[in-house]
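Got your viewer open? Let's take a walk through this one, stop by stop, with something to select at each.

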Amino acid sequence: MSWQAPLLDIDPLLDDRETRIIVCCGSGGVGKTTTAAALGLRAAERGRTVVVLTIDPARRLAQSMGLTELDNTPRRVDGIDESAGGQLHAMMLDMKRTFDEIVVQHAEPERAQAILENPFYQSLSAGFAGTQEYMAMEKLGQLRARDEWDLIIVDTPPSRSALDFLDAPKRLGSFLDGKFIKLLMAPAKAGGRAGMKFLNVGLSMMTGALNKVVGAHLLRDVQTFVAAMDTMFGGFRKRADATYRLLQAPGTAFLVVAAPERDALREASYFVERLAAERMPLAGLVLNRVHASGAARLTAERALAAAEALEDLAAEWPGAGDPAPSAVTTAEVGDPVDCPAVENLTDGRIADHVTGKTEGKTFTEEILAEPDGLPAESLAAGLLRLHAERMQVVAREGRTRDRFASVHPDVPVAEVAALPGDVHDLEGLRAVGERLANGQPAAA
Ligand SMILES: Nc1ncnc2c1ncn2[C@@H]1O[C@H](COP(=O)(O)OP(=O)(O)OP(=O)(O)O)[C@@H](O)[C@H]1O
Ligand SMILES: [Mg+2]
């Protein structure tokens, strides 16, 4: 039985002035950054003033949006159609710099300097687990507070699990707010300079033995770090909580991006449940890189049967046994996503297997142009096998999608067909945006 999920209608969501934040989440590599950028471009060309906060975009994609340096501030994107009155701004998150900005903003200059130079701070800000998620939330809070954009689109970090985006900031917050640090800080809080002395005494008692092992220098660094971070502890937690509330607000819409594969959809399923538990507004599921076929009426079984029949015929051809390019087997095709021949199959043109380009000849013209008369049956059989392969992928993706829809029948879904190549320029983003808005994979 096939479950028909409600269609996720993207344009009304983008056009609704009440929509102020869209968060694109999902597991690693499913197309979060691409979706965020494509939505930003589409919303801007439909008249909204948009900022897209991207995280680790592929270099070519970043360049196409004018993001050539990591300076942590939004830049206006050139080359978009602003006739509807919109604008697109984009930025790449630089988490170290975002962390530094918070330090500078919240600590006295001398103290800020001590923190920035502290080796513990440096390792924390550069790569402590969860820092990126935390910083994305911080940055979102900052962008929202500036109120310069009427729509903020947030990409999320390339975590293994989509849930990390929600969990990591809390984890980091509770580390920074943690008992150990509180214990160390308590005397300092109690009374300024005298308190600091007390803290140092307390620390040296606790760490006297350690001192011998790790060395006084290192311990001094820990002390400086802990003492200096004091100013910011309350702030971290408070701001993380505030951003969390922002995510629950009615102007926020979560989009869960997933590939039509079992693991990605299972992850998406957890995330959908988690959002509901946190009362965070889910707009729907984006099923990205879906495969389709313009010749869907020819089933895989029939295509395979025809291929076999043709190959039998070809075997009787004089000169049979020569290796022909047509003898493509399932194993050689590999992942159909990366195979230009598959992407080009449906428009009836032959792809150059090396460059992926077509010579502009139709399949029949190509066969007729074969100088040495490669058996047409053999070529046709190869293409039929490719078609069968494609149809099997289409069927498998359909089953996976239906399983998700049967568990979450109320979650609206938009399907985005896989483009023949990577998405690395504004034109590619526009194409993804159109597919998002259509919601149904156009028969490629
Ligand atoms: N619909 C599509 N058709 C073709 N290629 C796509 C499509 N969507 C995404 N891609 C490509 O897939 C790759 C991964 O996409 P993207 O970087 O957006 O994923 P991500 O979820 O942000 O990954 P990460 O978790 O690493 O941040 C990119 O090379 C992108 O160009
Ligand atoms: Mg990404």
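**Stop 1: helix 4 and its partners**

Select Asp100, Val103 and Val104 in helix 4, then add Ala112, Ile115 and Leu116 in helix 5: these two sets of residues meet. By class, that contact is made of five nonpolar residues, one charged residue and no polar ones. Before going further, keep in mind that what you are looking at is a predicted model.

Now show both helices whole: helix 4 covers residues 95-106 and helix 5 covers residues 109-117. Their axes come within 8 Å and cross at roughly 155°. That angle makes helix 4 roughly antiparallel to helix 5. If you like to check handedness, helix 4 passes helix 5 in a right-handed crossing.

Keep helix 4 on screen and bring in helix 7, residues 131-146. Here the axes come within 9 Å and the crossing angle is roughly 60°, which makes helix 4 oblique to helix 7. This crossing is left-handed.

Which residues of helix 4 meet helix 7? Pick Met95, Thr98, Phe99 and Ile102 on the helix 4 side, and on the helix 7 side Thr131, Gln132, Met135, Glu138 and Lys139. Colour them by class and you should get four nonpolar, three polar and two charged residues.

**Stop 2: zoom out**

Show the whole protein for a moment. You have 18 helices and ten strands in view. Of the 444 residues, 40% are buried. Now think about contacts between residues at least 6 apart in sequence: 78% of them join residues at least 24 apart.

**Stop 3: ligand 1**

Centre on ligand 1 and select what surrounds it. There are 19 residues around it, and the ones that come nearest are Lys32, Thr33, Thr34, Pro158 and Leu419. Two elements give two or more residues to this shell: helix 2 (32-45) and strand 7 (282-290). Which of the elements gives the most? Helix 2 does, with three residues. Colour the shell by class to find eight nonpolar, seven polar and four charged residues.

**Stop 4: helix 2 against helix 18**

Stay with helix 2 and add helix 18, residues 426-438. The two pack at an angle of about 85°, with their axes 8 Å apart. That makes helix 2 roughly perpendicular to helix 18.

To see the contact itself, select Thr34, Ala37, Ala38, Leu39, Leu41 and Arg42 in helix 2. Then add their counterparts in helix 18: Leu426, Leu429, Arg430, Val432, Gly433, Leu436 and Ala437. By class the contact has nine nonpolar, two polar and two charged residues. Thr34 may ring a bell, since it is also one of the residues that come nearest to ligand 1.

**Stop 5: two arginines with positive phi**

Go to strand 7, another contributor to the ligand 1 shell, and click on Arg289, which sits in this strand. Arg289 has a positive phi of about 65°, although it is not a glycine. Is Arg289 buried or exposed? It has 21 C-beta neighbours inside 10 Å, so Arg289 counts as buried.

Now step back to Arg279, in the loop between helix 12 (262-277) and strand 7. Arg279 isn't a glycine either, and its phi is positive too, at about 55°. With 8 other C-beta atoms within 10 Å, Arg279 is exposed.

**Stop 6: Met391**

Select Met391 in helix 17, residues 376-407. Met391 counts as buried because it has 21 C-beta neighbours inside 10 Å. Leave aside the neighbours within four places in sequence, and Met391 is in contact with Ser293, Thr299, Ala300 and Ala303. Try a distance label from Met391 to Ala300: they are 91 residues apart in sequence, yet 5.5 Å apart in space, C-alpha to C-alpha.

**Last stop: Arg17**

Finish at Arg17, in the loop between helix 1 (10-15) and strand 1 (21-25). Arg17 counts as exposed, with 10 C-beta neighbours inside 10 Å. Add Arg48 and draw a line between the two C-alpha atoms: the separation is 8.3 Å, for residues 31 apart along the chain.

Terms used:
Residues numbered from 1 in each chain as written. Chains lettered and ligands numbered in written order. Predicted model: local features only at pLDDT ≥ 70, side-chain atom pairs only at ≥ 80, totals over all residues. Axes fitted to C-alpha atoms, helices over the stretch in contact; angles between N-to-C directions. Helix = DSSP H or I, 4+ residues; strand = E, 2+ residues; numbered from the N terminus. Parallel < 35°, antiparallel > 145°, perpendicular 65-115°, else oblique. Left-handed = near helix turned anticlockwise from the far one by under 90°. Contact = placed C-beta atoms within 7 Å. Nonpolar A, V, L, I, M, F, W, Y, C, P; charged D, E, K, R; others polar. Near = placed C-beta within 6 Å. Buried ≥ 20, exposed ≤ 12 C-beta atoms within 10 Å, placed from the backbone.
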